[in-house]
Every structure is written in C-alpha cells, then in structure tokens.
Amino acid sequence: MQTFRRYLLASLAFAFLSVAPARAQLTIEIVGGAGTTIPVSIVPFEGELAYPLGVTGIAGADLARSGLFKLVDYSGIAPRPSRAEDVRAADWRARGADAVAVGTMRPLSDGRVEVRFALVDTVKQTVLANQIYTVTPAQFRATAHKIADVIYEKLTGDPGVFSTRIAYVTKQGSRYSLQVADADGYEPQTIVSSNEPLLSPRWSPDGTRIAYVSFEQKKPVVYVQSLTTGTRQSVANFRGSNSAPAWSPDGRRLAVTLTRDGGSQLYLMNADGSDVRRITQSNAIDTEAYFMPDGGSLLFTSDRGGSPQIYRLNVANGAVERLTFEGSYNVTPRPLPDGRGMIFVRREGGRFQVASMDFDSRQVQVLTQGPLDESPSVAPNGKLVIYANEQGGRGVLAAVSTDGSVRQRLVSPATDVREPAWGPLPRS
Amino acid sequence: MRKFAFAALVAVVLAGCQTQPSQPTAPIDERSGAGSTSSGTPGASTSGTGGGGVSGSNVPGGGAGGASGNPLRDPNNILSRRSVLFDFDSFVVKDEYRPMIEAHARYLAQNRGARATIQGHTDERGSREYNIALGQRRADAIKRMMTLVGAQDSQIETVSFGKEKPRNPGHDEAAWAQNRRGDIVHAGE
C-alpha cells in the first residue's frame, strides 16, 4: 500500500508538471542518490489547484531531483493542513516525515496572488520558516523554486540553488547556440547563436553579463554580453588566439589567455577590455585561469613542468605554486565557493574524469567515471558539479554532488550539448 | 507557453526583500560571412578557409584557377597542399612536411604583400581550452619553420581552433590522427 501511495504521489507530481504550459528543453534525472535522504512532505497548498502550474509539484521535483530528499506521501491526512498551526506533528512523524511544508494561494483584487508557506519540523515541533510572497501568476515558477530553496536551506544548512540558472552551448548541425535556462532545465533562452563554435561561457559574479569565446571571426575572440540588454562587446581580439575568460569576484576584471606575445599566457584586463597586462611569464602554455573566491589568487593550467598541471598564482606578487602532482594530465581548475578546494579534470589511463581536491589535505577524490568528461562547473552552494561528457557520439550534460554520492543526467532531446556554466545565486 | 519564457526573468516579489527587475534577453543572431557548412566532405572546416573550393585538405582544391596562373590553386603545385599532421601530444613538425612548408614560406618571401594564417587543431580528447593552447603550439611550430626560410613574422598570423573544427568527426584513432593538424590558409581564400 505504501508503494502504491508513493506511485500515486509521483504520478501526481508528474501530472502537475505535465499540465504546466512551459516545456523543458533539458530534463534532469536522478541516476544515483545519496545514501541517506531527508524525508519531507510537501502538502499541496490550499487554493493551488486554481492555477495550472502546480507550485508544490515544482518545489517537490526540485527537492527530489537534488537526491538529498525523499518526498513523503501526504494523502490520507484529513483535514489537509494549510497553516503551520494545523500541522499535527505526530501524524506526520508516524508516516516518516521529518518536516512538512504547507501553504495557501489566495487571489488578490489586483490580479496578483498571495502565496503563504510554512515549514514545520515535526520532530522538534517548531516552525522553521514562515513566508508570504505576493506574486503575479507569471512568477509562480520562480516562487516554487524559492520555496524549494527555503526548504533546502532550513533542512540541510546550505543555500539552495533551485533559483539559479545555467548556461550551456548547443550544437545542431553546424549551428552553435549559447543558451541560458533555469537550473531545472526549463525556459531556455538563446543568448547568441552562430555558424561558428562558441565556448567557455562565464557568468559575471552578479549574473548580469556573460563572457564567452566565439569563432565567428575565424579565430577565437572573447566577448562580454549583457544579459539584460543583449548588447555585447569584443573585449579581447588581439593577434593570435584569445580565450579562457575568467571574472574577478568583484566583476571588474577578466583574466584571459592571449597568444599575442608568442605563446599562450595569462593576462588581466578590465571587463571592457582596457588596461591589459600580462601576469604569467613562462615559455610554456599557461591557460584556464579561474579566480579564487577571495580574488587574491587564481588557479590555472600550465605545462611549465613538462605536463599539464594545475597551479595557483598570487595576483599581487606573481608567486606561483603547483597544486597537482599525481598523474600527467590535470586541467580545468574550478575553485569551490568556500575556497577550501577545487574541482578539476584529470586523465588517468586514457580516461578523462572529474575530480576534487581539498587544499589542506591535498587529497584527490575522483567523482566521475569518464571516459570523456570535461568542462566542470560548480554550483554556487558548492554542493553540485555540472559537467559535459559524450554518450553515443554526442555531447550530453551530467551532474554529480561534490561528495560523489548523487548523480544526475541532463537529457536534451535533439542537440549536442556542452560547456555548462552554473550561474550565481540570485541577489535578493 | 512562451510567455513563461519572459516570466522566468521577472523577479519574484518577496515580502521584505528587494525586487530585481530584469528585462528579457535579446538574442543576437550571428551568421558568419564566408561560407558556412561545407557540402560533401564530412567534418571539413570551411570557416577560415573561406571561399569556394579550398577545403584545407591535401586533396587539391577545385574551383577556378587550375593551372592558369595562381600557384596556390594549382593541383600540380605543392602550394595547393595545406595540412600538416601531428602525432598525439606533439607539436613536432615531421620531416615529410618540410618541403611543403618551405614552399609556402618561399611564396610569402617572394610576395611581401601576401599574408597567411596558420590554423592549429587538436583531436577531440581533453579540455577545450587547453586544446586551444595545444593547437596554437602546432600553428606556431609551422610558422617558426616558415620564418626560418624567409617569410616575415608580420605576414603570418597563428590561431587555434582547438578541437572545435575536426576534419573527421569520428571517435577513433584514425579520425583523431586526421584532426591533429595545422592548416595553412592564404589571405583572400
């Protein structure tokens, strides 16, 4: 009977998603889950059925997809609670829910809707969250993600990333398209499209601009484009190749790889391309710069030691420290938001895999299997890594939790997808 | 359905929190000038090789010119050959390509107004950005050989496509070997 109820719950959640008019271009599926999950029940809000989108279904799907939560069936508890004070904790503990989310949706006279939501801890019998949102129906999807973020944060201690966006490049035939979608794959928007390759999308720290590399001029050139106005500027188009843009945490500068002085070296410039100065001086390849969260140093890839390895550069004094010593191919460093480690790509036995390193212990943990994994990007809460790999001859995206326990597959119906970049937490 | 596309960018108004208005993004549609997709040869890159006929492969290009004057297009002339293939993880120019590279260098030396671009490429394995740097090394190695034989530094620009423009879209060693290459492209092609 429990299995039937779970199936019913899942079908209802799916039904809510199916009737929603928006369609995801990327669907995200859990492939492997965390060992222990937090059981939470999300009771459909009173008044929710008047609106087709299914706010609690979206929030529930967010939490389920994270791999950290188990959705507990809410049916059979009557009357259905819609406020914190209506929740009888013992009933919910009895069916295994550690927390219950309840709420109401009430239309206002101006066409907006008041969404009230409360999260109750059934074990401690406390109210963990009590929120009121006044939104238009067009904002329901964003509100559902916001509710999922609150539940995630209250129950795990970490910020949720359900309200973030991801950028990625699609290739269909010879047509390349840089797209931005919600973190659940919905509402993809084309930022730029081209008959020539696009790569290395990089979000500005405030999420209003994207830097990227385009080959439309028959060579790699770095552009910065505003997501609010759509206008863009070519910020690095020097002789030779211009690539690998990386934003400083204050959003005012970019590190880039230029070959204008001979080999691939790192340069710093203002975000508008002015005031360019070289910051590495080697006869080797120096590339793939990525700023550490405090902005005082950046990680980069260099083969100055004879093979591609990851180094850290102190921006102020130019001091360089090597970080990777295992194996002959360690590239694409991506710092964790807390600055205590990094995600990167290594080649081992011919397989390219995503791995993590803790800077204190210098221990490496392999997170993915390969064989052709690339372009990892870390979620702004430091808990998930989205990356690209190849399956059946075409590029697909996948995600793995930074502890390796949760795996997701991002399915796109038609296209070859690559170069994911996770956007910042929304500012609010 | 599409109204929700804009909705996603509209801020959620939260009690006690700031609103963040944002406008819908305006997509930029870029179409590159010179020829886009090639016909016939799978994976052949036409970007950068421009114009009709020259595909950057060792097969002599078609198109006008023939033997009537332009040595770059003459299938009987070594100058119509443009590609240097490289071993895995290597940017060493093998001896077999020396005569071709030196012929291109002499062409530039004898035509001081002529310009060329050398495009470096890698196979599909590994980091895209690191492969741009590796492809650049290959292009630079070819350029170095050319400047030793009389071409001027200012006549040659080296760029890299990394792994973005494979000649062969396959996923095996035979395909990879064709993709690890440098292509010599003369201005106006």
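The exercises below, each with a worked solution, concern a predicted model.

**Exercise 1. Describe how chain A is divided and what its two domains contribute to their contact.**

Step 1. Chain A splits into domain 1, residues 2-156, and domain 2, residues 165-422. The C-alpha centres of these two domains of chain A are 35 Å apart.

Step 2. In the contact, domain 1 of chain A takes part with 17 residues and domain 2 of chain A with 15 residues.

Step 3. On the domain 1 side, strand E1 (27-32) and helix H2 (55-65) of chain A each supply at least two residues. The largest share of that side, six residues, is from E1(A).

Step 4. Sorted by class, the side of domain 1 of chain A that touches domain 2 has seven nonpolar, six polar and four charged residues.

**Exercise 2. Locate the largest nonpolar core and name the element that gives the most residues to it.**

Step 1. The largest nonpolar core has 122 residues. Those that touch the most other members are Val40(A), Val100(A), Ala101(A), Ile151(A), Ala246(A), Leu298(A) and Val385(A).

Step 2. Helix H4 (residues 140-156) of chain A gives the most to this core, namely eight residues.

Step 3. Residues of the core come from both domain 1 (2-156) and domain 2 (165-422) of chain A, so the core lies between them.

Step 4. Take Val40(A) as an example. Leaving out residues up to four places away in sequence, Val40(A) touches a set of residues that includes Leu63(A), Phe69(A), Leu71(A), Ala101(A), Ile151(A) and Leu155(A).

Step 5. Another core, of 17 residues, lies apart from this one; Phe86(B), Ile101(B), Ala116(B) and Met146(B) are among its members. As background, nonpolar side chains tend to be buried together in soluble globular proteins.

**Exercise 3. Give the make-up of chain B and the order of its helices and strands.**

Step 1. Four helices and five strands are found in chain B. Along the sequence they follow the pattern α-β-β-α-β-α-β-α-β.

Step 2. Chain B has 189 residues, and buried residues make up 40% of them.

Step 3. Consider the contacts in chain B between residues at least 6 apart in sequence: 58% of these join residues at least 24 apart.

**Exercise 4. Work out the order of strands in the open sheet that holds E22 to E25 of chain A, and name its edges.**

Step 1. The sheet has four strands in the order E22-E23-E24-E25 (chain A), with antiparallel pairing.

Step 2. Strand E22 (330-335) and strand E25 (364-366) of chain A each pair on one side only, and these are the edge strands.

Step 3. On average, and with direction ignored, neighbouring strands of this sheet are turned by 30 degrees against each other.

Step 4. Strand E24 (residues 351-358) of chain A pairs with E25(A) over three bridges in the antiparallel sense. Ser356(A) has Gln365(A) in E25(A) as its bridge partner.

**Exercise 5. Place Pro337(A) in the chain and decide whether Pro337(A) is buried, exposed or partly exposed.**

Step 1. Pro337(A) lies in the loop between E22 and strand E23 (341-348) of chain A.

Step 2. A residue is buried with 20 or more other C-beta atoms within 10 Å, and exposed with 12 or fewer. Pro337(A) has 15 C-beta neighbours inside 10 Å and therefore counts as partly exposed.

Step 3. Beyond its neighbours within four places in sequence, Pro337(A) is in contact with Pro293(A), Val378(A), Pro380(A) and Gly382(A).

**Exercise 6. Find the cis peptide bonds before Pro79(A) and Pro371(A), and compare the settings of Ala244(A) and Asp275(A).**

Step 1. Most residues other than glycine have a negative phi, and most peptide bonds are trans.

Step 2. The bond from Ala78(A) to Pro79(A) is cis, with omega near -5 degrees. Pro79(A) sits in the loop between strand E3 (69-71) and helix H3 (89-94) of chain A.

Step 3. The bond from Gly370(A) to Pro371(A) is also cis, with omega near 15 degrees. Pro371(A) is in the loop between E25 and strand E26 (374-378) of chain A.

Step 4. Ala244(A), not a glycine, has a positive phi of about 55 degrees. Ala244(A) belongs to strand E14 (residues 242-247) of chain A and is buried, because 34 other C-beta atoms lie within 10 Å.

Step 5. Asp275(A), not a glycine, has a positive phi of about 55 degrees. Asp275(A) is in the loop between strand E16 (265-270) and strand E17 (277-278) of chain A and is exposed, because 9 other C-beta atoms lie within 10 Å.

Definitions and conventions. Residues numbered from 1 in each chain as written. Chains lettered and ligands numbered in written order. Predicted model: local features only at pLDDT ≥ 70, side-chain atom pairs only at ≥ 80, totals over all residues. Domains from an automatic or database assignment. Contact = placed C-beta atoms within 7 Å. Nonpolar A, V, L, I, M, F, W, Y, C, P; charged D, E, K, R; others polar. Pairing = 2+ DSSP bridges. Axes fitted to C-alpha atoms, helices over the stretch in contact; angles between N-to-C directions. Core = buried A, V, L, I, M, F, W, Y, C linked by C-beta atoms within 7 Å.
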